[in-house]
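I set out to look up how the aromatic rings are placed in this model, both against charged side chains and against one another. My entries follow in the order in which I made them.

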Amino acid sequence: MTVTIIGSQLGDEGKGGTVDLYGEGADVVVRYQGGDNAGHTVVVGDETYELSLLPSGVVRGKTCVIGNGCVVNPETLFDELDALRERGLDPDVRVAERAHVIFPYHRRLDGIEEEDKDEEVGTTGRGIGPTYEDKAGRRGIRVGDLLDEEVLRTRLEYVVPQKRAVVAEVYDKQAGEELDLATLFETYSGYGERLAEEGMTVNCGDYLQSRIDDGDEVLLEGAQGTLIDIDHGNYPFVTSSNPTAGGACTGTGLGPTEIGQGEIVGIVKGYATRVGSGPLPTELAGVEGDTPGYEGSEAQRASDHEAAQPLSDAGEREEELATYIRDEGGEYGTVTGRPRRVGWLDLPVLRHATRASGFTGVVVGHIDVLAGLDEVQVGVSYDLDGTEIDTVPPTTEEWGRCSVNYRTFDGWPEVDWDAVASEGYDALPENARAYLEFVESELDTQLYAVGVGPGRDQTIVLENPTT
Ligand code: IMP
């Protein structure tokens, strides 16, 4: 049986906490896409673990697998492993031989391309996009290639001159050490040796299937979220992989029937956040007509400019609210430290995510962060060019033109969340329950858990698919 955990919004929903919680009953925890662009925070007592590549299950001492759909920066891999070992853990981590390797030139190109774009994506700068580009362009280098010096050298000899030419001739920049063939070969064959010495590489699909056949429980951990999925997200403001459930199949080598027979759990944060550029229709912006980082088309910019008003009282209130939620929720990027943009919960986004991944249940978190507000809003539908719609339109320009229809809920008070977590669902403030039950019924799925704080014991579990 498998359980797949998926971000239902724009990433940063708190998946790490749920993986940690449900991971207790799992034997193997697998990441199936993305690389060291993910920021997963796991809090255990006074200890906080911030991971950008390793599956969150590593903190529980589970066997962790970095699947073939991932892109792997070996430097991050070994840094995170060494740091955990220094903290007394004994991580058991396997890496798919079919996963692609991030090289320093991918990170350089990520930066150069962002600088060059009129509308930057706001990437994490970790070389994710350029590595997936090489994968699709059939010039990538895979983890298995690091184990064979001959193969590694041949592949580098093919790709490095191409990348040097791109840097010099397309972008008019000077290539540095990141494109020095001898250094790359030495460093990356060294990583290959260490992978081999520690027996870390696996044939991912075969390995996972055999664990399942032996009766083990496998938890598949999505990184990022549905709205930054390269197919189902708001292209081009997306990451370059598939966080949605289909990615769990292609990114592990397990078939859709295997994954589909299990549970697929959507992780929902009780409000919306976004790092990087692109629309956020329910954003609490507060600053004269702008959506930070989103510039839209020229026509859109002109009309935004016309609509721009001096900062109004309402705008100031929105800004205050955004700051309150950002600070209460610690909404600053785990990987980059960037402050996140903040908005109200957006049901069209959640309906889109529920359909794209076929959620069997949802976990709604950060309910404590919203405590103390007089009222809490939920975006229930959009108006797009005069028509009401209840899901996300296919183009980002259309999404950027959507205005939101809200439903207002009375707020709930600050309470002793630890006590609530130990007493259970009925101990939640009544208005918070009304909010949660509305979301559950609108998505026509089941509420599996409610997060009322970042700690392992601060989740009210209604359904645990791994026990
Ligand atoms: P990349 O994944 O670094 O290429 O970045 C592409 C887009 O995905 C940017 O808007 C990033 O801010 C966003 N992104 C990447 N990883 C995460 C994440 O873990 N949480 C939220 N957004 C992310």
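I looked first for charges over rings, and in this predicted model I found the charged end of Arg-87 over the ring of Tyr-49, 4.1 Å from its centre. I then noted a further case, in which the charged end of Arg-407 sits over the ring of Phe-438 at 4.6 Å from the ring centre.

Next I turned to rings against rings, where the count came to seven aromatic pairs. I looked up Phe-409 and Tyr-435, which form an edge-to-face pair with 5.6 Å from centre to centre and 85° between the planes. Since Phe-409 belongs to strand S18 (residues 403-410) and Tyr-435 to helix H16 (residues 430-443), I recorded that this pair ties together parts that are 26 residues apart in sequence.

I checked the exposure of both residues: Phe-409 is buried, with a relative accessible area of 6%, and Tyr-435 is buried as well, with a value of 0%.

Tyr-435 also forms an aromatic pair with Trp-412, which I entered as tilted, with 5.1 Å between the centres and 55° between the planes. Here Trp-412 lies in the loop between S18 and helix H15 (417-423) while Tyr-435 lies in helix H16, so the pair ties together parts that are 23 residues apart in sequence. Trp-412 is buried too, its relative accessible area being 1%.

Last, I asked which residues are linked by ring pairs into a cluster, and I wrote down Phe-78, Phe-103, Tyr-105, Tyr-188 and Tyr-191.

Definitions and conventions: Residues numbered from 1 in each chain as written. Predicted model: local features only at pLDDT ≥ 70, side-chain atom pairs only at ≥ 80, totals over all residues. Heavy atoms only, no water. Phe/Tyr/Trp six-rings, centres within 6.5 Å; stacked < 30°, edge-to-face > 60°. Helix = DSSP H or I, 4+ residues; strand = E, 2+ residues; numbered from the N terminus. Buried < 20%, exposed > 50% of the residue type's maximum accessible area, 1.4 Å probe, protein only. Lys NZ or Arg CZ within 6 Å of the ring centre and 35° of its normal.
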